[in-house]
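Please open the model in your viewer and keep the selection tool at hand. We will go from stop to stop, picking a few residues each time and saying what is there.

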Amino acid sequence: MRQSSKERECTKRTCGIYSEDAFRTGDILLLRQGVPMAKEYAGSPKIHQIESKRKRLTWVLSVSGLCILFYILGAWQNTNTAPISNSTSDKLSKTACDPSNTVTNTRSATQSSSGAMSLDFNAHHQVGINETAGGVHKFPPCELSFSEYTPCQDPKRARKFNKKMLIYRERHCPPKEDLLKCLIPAPPKYKNPFKWPQSRDYAWYDNIPHRELSIEKAVQNWIQVEGNRFRFPGGGTMFPRGADAYIDDINELIALTDGNIRTAIDTGCGVASWGAYLLKRDILTMSFAPRDTHEAQVQFALERGVPAMIGVLASERMPYPARAFDMAHCSRCLIPWYDNEGLYLIEVDRVLRPGGYWILSGPPIRWKKYYKGWERTQEDLKQEQDAIEDVTRRLCWKKVIEKDDLAIWQKPINHIECINSKKIYKTPHICQNDNADSAWYKKMETCITPLPEVSNVEEVAGGALEKWPERAFAVPPRIRSGLIPGVTAENFREDNEMWKERVAHYKKIIPPVAHGRYRNVMDMNAGLGGFAAAMTKYPAWVMNVVPSNSNKDTLGVIYERGFIGTYQDWCEAFSTYPRTYDLIHASNVFSIYQDRCDIRYILLEMDRILRPEGAVIFRDTVEVLVKIQSITEGMRWKSQIMDHESGPFNPEKILLAVKTYWTGEPAQQQQQQEQQQ
């Protein structure tokens, strides 16, 4: 008997290894290699040779039969996944009230090793609630009154804390027993925000139903209501001609467009028009303001597609590393800069880069013109300005200019002369043995954060930076000087290449990434900022988060690259309003936190800050992703586990998830029906 060509091919290709189809279904089939064949000698065949040939033929037929059997079994299992995919697609289509409105040109997500499945990443603005099959814990919707809930800046909880130094407005997170176990609802009639750059100027009224600012700040031209939407004219308290003209005034005093200034912080940001209009000048601003009497200022900023965080200068450091920002700004932010021995200006000095600028407009600048409108005496305002001038001298800052409504100071590029000046100005002294980057629940101190030592007065402490955009991929000074343990310039370059490949893969499996569908992006475990760097080609900005308990503090590196971010402990809530991010990237976050706190609360927090129809990319081991997926099924998310971009042999996998669209209205109707029954 002769072996068929098909059997020979099977024996040659698959016997002794694992079937490709079987691997795709997750069943790795290890088959033994054949036993050595008996030698053949010339001459007449002997009885034992005939027997040997029979055994060999029997062995070949047996192995061929097994190959065919497992091939059929693998093919059967692979095709058996189709009904699962179809049923899931059916469930996805049922989330829309009107299936006829479904976008027809949606591209299917790439098939994973666990079976084919389509995730719809397009926005539909439709209400839908998918009931998951039994066995999954379903999280109920919270009451509609929690629609704008900010767990760690809850006004009700804040009343329990000291009002001195605004401590009550700082982060005060709820204890474990008070954590919500429900899903924060969107307001009725919620719509996906306008795409950038239209979102800079417009927002839907139904998404943030607050008219207070349009009334209280009507004269200052912050915000206007036009039918069913808000319009942001770009005005501000100190720039009635608009933020654009105000920024042009600053540009006449210091260069904003030559690439030297890339990162900025705006304290008391209002609705963040200053940061919004700096974006077209390639300056990325962290807009920073407390949750105060003006409803939802930070929420308005993020709805516009502008970076922002809830925060306040009170008793604790801002959650940013030292030497982070190229420029700091305050336009009538009402911060008492001269109080508490200049504590708040000392904190601004900590986060400013060597040579960075501090810009002040509003009281007390130009007090001779405005004192009547500010309802303050000339003596009071003069005393305030003199106090600010004194603090800046003691910080070794140089006043660059004061013109019209603007005053600008500059931080020195090193502390050589400052150390000598301390013979005259004894206070504030330079801090000793202080971790300048430590900023998570770290109390402010009335001492100057020391700059890295230099060899001469012309050297920039910590190292000079490249201009933007070269800065994004140049080796950061903190890495060049070896401040990040185990990270070299070569590691940095390899990290950049890796994230370029990964983001290119994301573009394939989530097409809206490249089309402006996702504007506000968060990286929950940012590392060296490679993900944000690879995203610069798209119309998005990234909030780079470095876990506060990370073994390597890389946030300073991220700022040196020209990006922004913050420290965060993911066992607590993030300092933002609900529905403020379009895309969340979570690389190995849950491997870090699964033994520190209940990951259900991390996922509920992600659901709180994610917009309806927003997406999440998880990267982790299969075991962790399966656990995450089982929880998100009860959160009205749709998800799919996929292979690593390098192929199925990599133990790290990708979980793509989409938050389905629903609002608080169905929950209210359900409660009314239950009460009627």
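## A first cysteine

Start by selecting C269: with a relative accessibility of 8%, C269 counts as buried. Keep in mind throughout that this is a predicted model.

## The whole chain

Now zoom out and colour by secondary structure. The protein chain has 21 helices and 17 strands. It holds 677 residues, and buried residues make up 53% of them. If you show the surface, you are looking at about 31,600 Å² of accessible area, 51% of which belongs to carbon and sulfur atoms. For a contact map, take the contacts with a separation of 6 or more: residues 24 or more positions apart account for 70% of these.

## The disulfides

Next, show cysteine side chains as sticks. How many disulfides does a search of the whole structure find? The search finds six. With the bonded cysteines numbered in sequence order, the pairing reads 1-4, 2-3, 5-6, 7-8, 9-10, 11-12. Three of these links make good stops.

**Select C330 and C333.** Their sulfur atoms are joined in a disulfide, with an S to S distance of 2.0 Å. Look along the S-S bond: the torsion is -95 degrees, and the link is left-handed. C330 and C333 are both buried.

**Select C396 and C418.** A disulfide joins this pair too, with S to S at 1.9 Å. Is the link left-handed or right-handed? The torsion about the S-S bond of C396 and C418 is about 70 degrees, so the disulfide is right-handed. Trace the backbone from each end: C396 lies in the loop between α12 and β9, while C418 is in helix α13 (residues 416-421), so the pair ties together parts that are 22 residues apart in sequence. Both cysteines, C396 and C418, are buried.

**Select C431 and C447.** Here the sulfur atoms of the disulfide are 2.0 Å apart. The link of C431 and C447 is right-handed, with 95 degrees about the S-S bond. C431 and C447 each lie in the loop between α13 and α14 (477-480), so their pairing ties together parts that are 16 residues apart in sequence. C431 is buried, at a relative accessible area of 5%, and C447 is buried with a value of 5%.

## The salt bridges

Now switch the sticks to the charged side chains. Side chains of opposite charge can pair when their charged atoms come close. The structure holds 35 salt bridges, and a few of them are worth a visit.

**Select E389 and K399.** This salt bridge has its closest N and O atoms 2.6 Å apart. E389 belongs to helix α12 (residues 378-394) and K399 to strand β9 (residues 398-403), so the pair ties together parts that are ten residues apart in sequence. Which of the two is buried, and which is partly exposed? E389 is buried, with a relative accessible area of 15%, whereas K399 counts as partly exposed at 31%.

**Select D244, D248, K280 and R281.** Show these four together, as salt bridges that share partners join them into one network.

**Select E347 and R350.** The closest N and O atoms of this salt bridge are 2.9 Å apart. Why are the two separated by about one helical turn? Because E347 and R350 are three residues apart in helix α10 (residues 343-351). Both E347 and R350 are buried.

**Select E226 and R231.** These side chains meet in a salt bridge, with 2.7 Å from N to O. E226 is partly exposed, with a relative accessible area of 30%. R231, at 25%, also counts as partly exposed, because the partly exposed class runs between 20% and 50%.

## Last stop: helix α19

Finally, select residues 599-609, which form helix α19. Is this helix mostly covered or mostly open? Helix α19 is mostly covered, with ten of its eleven residues buried. Colour the buried ones: I599, Y601, I602, L603, L604, E605, M606, D607, R608 and I609. As you step along, note that the buried residues include E605, D607 and R608.

Conventions:
Residues numbered from 1 in each chain as written. Predicted model: local features only at pLDDT ≥ 70, side-chain atom pairs only at ≥ 80, totals over all residues. Heavy atoms only, no water. Buried < 20%, exposed > 50% of the residue type's maximum accessible area, 1.4 Å probe, protein only. Helix = DSSP H or I, 4+ residues; strand = E, 2+ residues; numbered from the N terminus. Contact = heavy atoms within 4.5 Å. Areas by Shrake-Rupley, 256 points an atom, 1.4 Å probe, with all protein chains shown as cover. Disulfide = S-S within 2.5 Å.
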